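Trainee: Could we go through this structure together, beginning with the strands and then turning to the cysteines?
Mentor: Certainly; here it is.
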Amino acid sequence: MAEITDDYENLRVERDDAAGRIVMDSTSDFNSINPTMGDELVHAATELSEDDAIRCLVLTGTDGVFCAGADLAGLDGDERDAPELRRLASSLHDAILQLHQAETPLVVGVNGVAAGAGFSLALAGDVVVMSDEARLEYAYGRIGLTGDGGSTFWLPRLVGLRRAKEIALLDEPIDPDYAVGLGLVTESVPAAEFDERVADYAERLASGPTGALGATKRLLTESFERGLAGQLAAETDAIAGATRTEDYERGYAAFFGKEEPEFVGR
């Protein structure tokens with residue numbers, strides 16, 4: 001694994017073959033998001049998603065903590081905090097939008113507590129692996145705030161409106177098994193196997209037909225905003241567009257040659 005850059009104070013940005021990794025390593029306690037970290041998340045997400053050699057993105061935390069939300073330690077606890085919270089939310093949202101719009105799949109590894117903005121980042125993954133020592137916490141209501149980071153977008157789509165209201169309003173910690181059952185995460189694994197499992201998913205996705213996978217995740221998400229006719233039209237455009245890729249040529253040849261395809265991400 002090679003370091004891409006050491007220009008970050010709160011992240012480790014790494015490259016493992018065709019997988020780009022963003023490891024949150026905040027200067028704030030519990031990997032909380034401070035203003036600098038928010039800006040760095042945007043930069044790292046953009047840097048990796050625009051690198052043609054990167055075919056899968058990974059987001060995780062360090063030292064047994066995923067992300068405990070925004071760093072609120074320097075705020076005042078009253079209306080004077082609005083500009084700073086707006087800035088923090090805006091940078092977080094830019095990062096999440098960049099990760100979501102990337103053509104590459106996103107694997108999120110929840111290695112420890114994911115609360116507040118960390119909860120939101122966890123939901124943003126296409127594949128989410130959760131350590132059996134981790135937990136999810138909505139947490140916003142505990143300090144009298146509303147959800148951000150796309151949490152109010154993803155929750156009802158993942159678990160349904162009724163369950164989403166239960167999670168957000170009652171705000172009970174969610175253990176790994178319950179998170180899997182709800183559909184919030186893909187899989188829970190023992191902590192000792194966590195890093196290997198995240199790497200396995202990243203390797204598998206990074207060896208796939210990147211353009212087709214990116215178009216597929218976009219079709220799935222955008223299906224909530226369309227009627228059937230609009231979705232069918234979008235599917236037609238996407239499948240026709242996929243024929244212009246080298247991966248389609250390779251997949252087609254391998255299918256009729258009864259071989260395993262070797263995709264190149266183009």
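Mentor: One term is needed beforehand: two strands pair if DSSP finds at least two bridges between them. Please also keep in mind that this is a predicted model.
Trainee: Understood. Which residue of β8 does Gly-109 stand opposite?
Mentor: Gly-109 stands opposite Val-129 in β8. Strand β8 covers residues 127–131 and runs parallel to β6, the two being joined by 4 bridges.
Trainee: And in which sense do β4 and β6 pair?
Mentor: In the parallel sense, over 4 bridges, with β4 spanning residues 56–61. Gly-109 of β6 serves there as the bridge partner of Thr-60.
Trainee: How many residues of β6 are buried?
Mentor: In β6, residues 106–110, 5 of the 5 residues are buried, so the strand is mostly covered.
Trainee: Which way do they point from the strand?
Mentor: Leu-106, Val-108 and Val-110 point one way, Val-107 and Gly-109 the other, and all are buried. In a regular strand, side chains alternate between the two faces of the sheet.
Trainee: Changing topic: how many disulfides does a search of the whole structure find?
Mentor: The search finds 0 disulfides.
Trainee: Why is there no bond from Cys-56 to Cys-67?
Mentor: Because the sulfur of Cys-56 is 20 Å from that of Cys-67, its closest cysteine sulfur, which is too far for a bond. The cut-off for a disulfide is a pair of cysteine sulfur atoms within 2.5 Å.
Trainee: Is Cys-56 buried or exposed? And Cys-67, buried or exposed?
Mentor: Cys-56 is buried, at a relative accessible area of 0%. Cys-67 is buried as well, its relative accessible area being 0%.

Key
Residues numbered from 1 in each chain as written. Predicted model: local features only at pLDDT ≥ 70, side-chain atom pairs only at ≥ 80, totals over all residues. Heavy atoms only, no water. Buried < 20%, exposed > 50% of the residue type's maximum accessible area, 1.4 Å probe, protein only.
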